[in-house]
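Here's a quick briefing to read alongside the sequence and the model. Have both open while you go through it.

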Amino acid sequence: MNEEELKRKFQAIEDNFNLAIISNNIDKIKECITEDWVLVDSQGGIIPQERFFYVIQEGLLSHSSMTKEILRVKVYGDVALVIGRGKNTGTWQGKPLEADEWVTDIYKKEKGKWLCVLTHLTPVK
């Protein structure tokens, strides 16, 4: 698969992940990630999925929009590194949230399906 085909393939995977996140539905999000997925960001550091799910479940965090433009994909066997630029809106603790971030998602192929293992976010300055 050439670079453009890989970008299109993972753009579709990322678009599905984005839809799961903005659904604010934990079961839909779990369909896109591994059991040990973690989020890393500049404010919270390493955030285990249990903590991420807790803030969604409690209504502290919700997303209303999320987009990612995939800029680079490298596949190493059953592991893929996906880098893009993401923008999202929503609320955090009842206050409006808007983010423009560099996103690195690491995927692992499990039973024929690409699942996200780690998401790392860096704010665009």
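Which ring does the charged end of R85 sit over? That would be the ring of W102, with the charged end 5.2 Å from the ring's centre. Keep in mind that this is a predicted model. From here, the bullets go through the pocket, the aromatics, the nonpolar core and one residue at the end of a helix's numbering, S23 in α1.

**The largest pocket**
- The volume of the largest pocket comes out at about 750 Å³.
- Its lining takes in 30 residues, and the ones nearest the pocket centre are L39, D41, L61, E101 and L121.
- Sorted by type, the lining has 15 nonpolar residues, eight polar ones and seven charged ones.
- Plenty of elements chip in: α1 (3-23), β1 (33-41), α3 (49-57), β3 (61-76), β4 (79-92), β5 (95-110) and β6 (113-123) each give at least two lining residues.
- β5 supplies the largest share of that lining, with six residues.

**Aromatic pairs**
- You'll find four aromatic pairs in the structure.
- One of them is F10 with W114, an edge-to-face pair with 5.3 Å between centres and 65 degrees between the planes.
- That pair ties together distant parts of the chain, since F10 is in helix α1 and W114 is in strand β6, 104 residues apart.
- Are these two partners buried or exposed? F10 has a relative accessibility of 1%, so it counts as buried. W114 is at 10%, so W114 counts as buried too.
- Add Y107 to F10 and W114 and you have one aromatic cluster.

**The largest nonpolar core**
- This core holds 27 residues, and those touching the most other members are F10, F17, I29, I33, W37, F52 and Y107.
- At least two core residues come from each of α1, α2 (26-30), β1, α3, β3, β4, β5 and β6.
- Which helix gives the largest share of this core? It's α1, with five residues.
- F10 and Y107 turn up twice, then: they belong to the aromatic cluster, and they are also among the core residues with the most contacts to other members.

**S23**
- S23 belongs to helix α1.
- Its relative accessible area is 30%, so S23 counts as partly exposed.
- S23 and G90 sit 67 residues apart in sequence, but their C-alpha atoms are 11 Å apart in space.

Technical notes. Residues numbered from 1 in each chain as written. Predicted model: local features only at pLDDT ≥ 70, side-chain atom pairs only at ≥ 80, totals over all residues. Heavy atoms only, no water. 1 Å grid on protein atoms, 1.4 Å probe; cavity = no way out; pocket = protein on both sides within 12 Å on 5 of 7 lines; lining within 4 Å. Points joined across faces, edges and corners; volume = space filled by probe spheres on them. Helix = DSSP H or I, 4+ residues; strand = E, 2+ residues; numbered from the N terminus. Nonpolar A, V, L, I, M, F, W, Y, C, P; charged D, E, K, R; others polar. Phe/Tyr/Trp six-rings, centres within 6.5 Å; stacked < 30°, edge-to-face > 60°. Buried < 20%, exposed > 50% of the residue type's maximum accessible area, 1.4 Å probe, protein only. Lys NZ or Arg CZ within 6 Å of the ring centre and 35° of its normal. Core = buried A, V, L, I, M, F, W, Y, C linked by side-chain atoms within 4.5 Å.
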